[in-house]
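Student: I should like to work through a protein structure step by step. May we proceed by question and answer?

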Amino acid sequence: MSPRTVSVVVPARNAAATLPALLDALAAVRAPEGWTVEHVLVDDRSTDATAALAAAHPLPVTVLASTGVGPAAARNRGAAHARGEVLAFTDADCAPTPDWLAAGLRALEDGAELVQGAVGPPPDVPVGPFDRTVRVGQPTQLYETANLLVTRARFDALGGFESWLGTATAKELGEDAWFGWRAVRAGARVAFAPDALVHHAVLPGTARSFVLERARLRFFPALVARIPELRDGLCFRRLFLSRRSAAFDLAALATVAAVVRRRPWPLLAAVPYVRILWPYVRPWGVRRGPAVAAANVAADAVGAASLAAGSVRARTPLL
């Protein structure tokens, strides 16, 4: 029997800083018995050495060019070129572990058609209070393409990824969640594979970048409007994006009430927010803790304002 093929598809734009780690990690991924692995990288109009690095790496990689239209279209271009009966998606700032494909393919062979794998920072890399990474330790219902496997048959039946949210900005988002939910609605069997682990790079950040990143929450009401099922899984009590956003809103109202009434007792309602915030602040001690706390409060304020603005724009309340 001839080997079956799994195609690893990676969209990349200006990824020269993280691409070598990805390619080294892919070279160390063990091909499961009975499978061959091909690698397809779609250079989405990079202005750095992304394409050259991929072409020069010892790992055989097919490098395709895209026109800078975003990751959804880039993944679709890679999938159209790929010959595998399974498509394995990851990102250019990720590094799959050696058993990534073996664990993901086991879940597919057990009957799933769409498999979400685990994502987390490398265990030997410290994460600062303002650094950015991705963590997926359980099903999130967002189907993050940092680690997503799908059968070719299901991918083709869905018509691939669709660009629809945030495309007017430099950061497209929501295309992976929409793909996953289209699959679910079409009856696809979905599984989560915790052993199919991908490490996501730890990207250095500042207090300013940490705060401004929360402005992206303005897109989440539109995401929930398109995928109302998220209210029962991702959201907290259907109305709030998370338990943290609900606690912040309550703390903000409590602060206003304390000022208006000139009494401190309304601030007791801020206790749940303080308890949520404390684990993020405590590790940084007396020296850095106050700055970390201030940045987190500012970030939550930006997030709350962004959710409110997005709710108005999408005509869907999400706080």
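The following dialogue examines this predicted model, one region after another.

Student: Which residues of helix 3 are buried, and why are they on the same side of the helix?

Tutor: Helix 3 spans residues 71-81, and its buried residues are Ala 72, Ala 74, Arg 75, Gly 78 and Ala 79. They lie on the same side of helix 3 because they cover an arc of only 165 degrees around the axis.

Student: Against which elements do the buried residues of helix 3 pack?

Tutor: The partners include both strands and helices. Among the strands are strand 1 (4-12), strand 2 (35-43), strand 3 (62-65) and strand 4 (86-89). The list is completed by helix 5 (152-158) and helix 6 (175-185).

Student: How are the two faces of strand 4 placed, buried or exposed?

Tutor: On one side of strand 4 are Val 86 and Ala 88, and on the other are Leu 87 and Phe 89. Both faces are covered, and these four residues are all buried.

Student: In which sense does strand 4 pair with strand 1, and which residue of strand 4 stands opposite Val 8?

Tutor: Strand 1 and strand 4 are joined by four bridges and run parallel. Opposite Val 8, in strand 4, stands Ala 88.

Student: In which sense do strand 4 and strand 7 pair, and what stands opposite Leu 87?

Tutor: Strand 4 and strand 7 pair over four bridges, in the antiparallel sense. Within strand 7, Thr 151 is the bridge partner of Val 86. The residue of strand 7 opposite Leu 87 is Val 150.

Student: How many bridges join strand 6 to strand 7, and which residue is the partner of Val 115?

Tutor: Strand 6 (residues 114-120) runs antiparallel to strand 7, and three bridges join them. Both faces of strand 7 are covered, with Leu 148 and Val 150 buried on one side and Leu 149 and Thr 151 buried on the other. The bridge partner of Val 115 in strand 7 is Leu 149.

Student: Which helix gives the most residues to the largest nonpolar core?

Tutor: This core has 38 residues, and those with the most contacts inside it are Leu 87, Phe 155, Phe 179 and Leu 223. Two or more residues come from each of strand 2, helix 3, strand 4, strand 7 (148-151), helix 5, helix 6 and helix 8 (220-226). With five residues, the element that gives the most is helix 6.

Student: Which residues does Phe 179 touch, and how many residues has the second core?

Tutor: Leaving out residues up to four places away in sequence, Phe 179 touches Leu 114, Leu 148, Val 150, Phe 155, Leu 158, Gly 160 and Phe 161. A second, separate core includes Val 8, Ala 107, Ala 146 and Ala 193, and its number of residues is 34.

Student: Why is Val 198 classed as buried, and what separates its C-alpha atom from that of Pro 96?

Tutor: Val 198 belongs to strand 8 (residues 190-200). Val 198 is classed as buried because its relative accessible area is 0%, and the cut-off for buried is under 20%. Its contacts beyond four places in sequence include Thr 90, Cys 94, Trp 100 and Asn 147, as well as Pro 96. Although Val 198 and Pro 96 are 102 residues apart along the chain, their C-alpha atoms are separated by 4.1 Å.

Student: Where is Ala 270 found, and what separates its C-alpha atom from that of Ala 191?

Tutor: Ala 270 is in the loop between helix 10 (243-261) and helix 11 (271-281). Its relative accessible area is 12%, so Ala 270 is buried. Not counting residues up to four places away in sequence, Ala 270 touches Ala 251 and Ala 254. Ala 270 and Ala 191 are 79 residues apart along the chain, and their C-alpha atoms are separated by 38 Å.

Student: What is the volume of the second largest pocket?

Tutor: This pocket is lined by 16 residues, of which Ala 21, Cys 94, Ala 95, Pro 122 and His 199 lie nearest its centre. Helix 1 (19-28), strand 5 (94-96) and strand 8 each give two or more residues to the lining. The volume of the second largest pocket is about 180 Å³.

Student: Which residues line the largest cavity, and how much space lies in it?

Tutor: The structure holds one cavity of 30 Å³ or more. The lining of the largest cavity includes Val 8, Leu 22, His 39 and Val 61, together with Val 10, Leu 23, Leu 26, Val 40, Leu 41 and Leu 59. At least two lining residues come from each of strand 1, helix 1 and strand 2. The space in the largest cavity is about 50 Å³.

Conventions. Residues are numbered from 1 along each chain as its sequence is written. This is a predicted model: local features need pLDDT of at least 70, side-chain atom pairs count only at pLDDT 80 or more; totals for chains, interfaces and linings use all residues. Side-chain values use heavy atoms; hydrogens and water are left out. Buried means under 20% relative accessible area, exposed over 50%, partly exposed in between (1.4 Å probe, protein chains only). The arc is that of the directions from the helix axis to the C-beta atoms. Contact means heavy atoms within 4.5 Å. A nonpolar core is a set of buried Ala, Val, Leu, Ile, Met, Phe, Trp, Tyr and Cys residues joined through side-chain atoms within 4.5 Å. Two strands pair if DSSP finds at least two bridges between them. On a 1 Å grid over the protein atoms alone, a cavity is a set of points where a 1.4 Å probe fits but cannot get out, and a pocket is an open set with protein on both sides within 12 Å along at least five of seven lines; lining residues have an atom within 4 Å of a point. Grid points are joined across faces, edges and corners, and a volume is the space filled by probe spheres set on the points.
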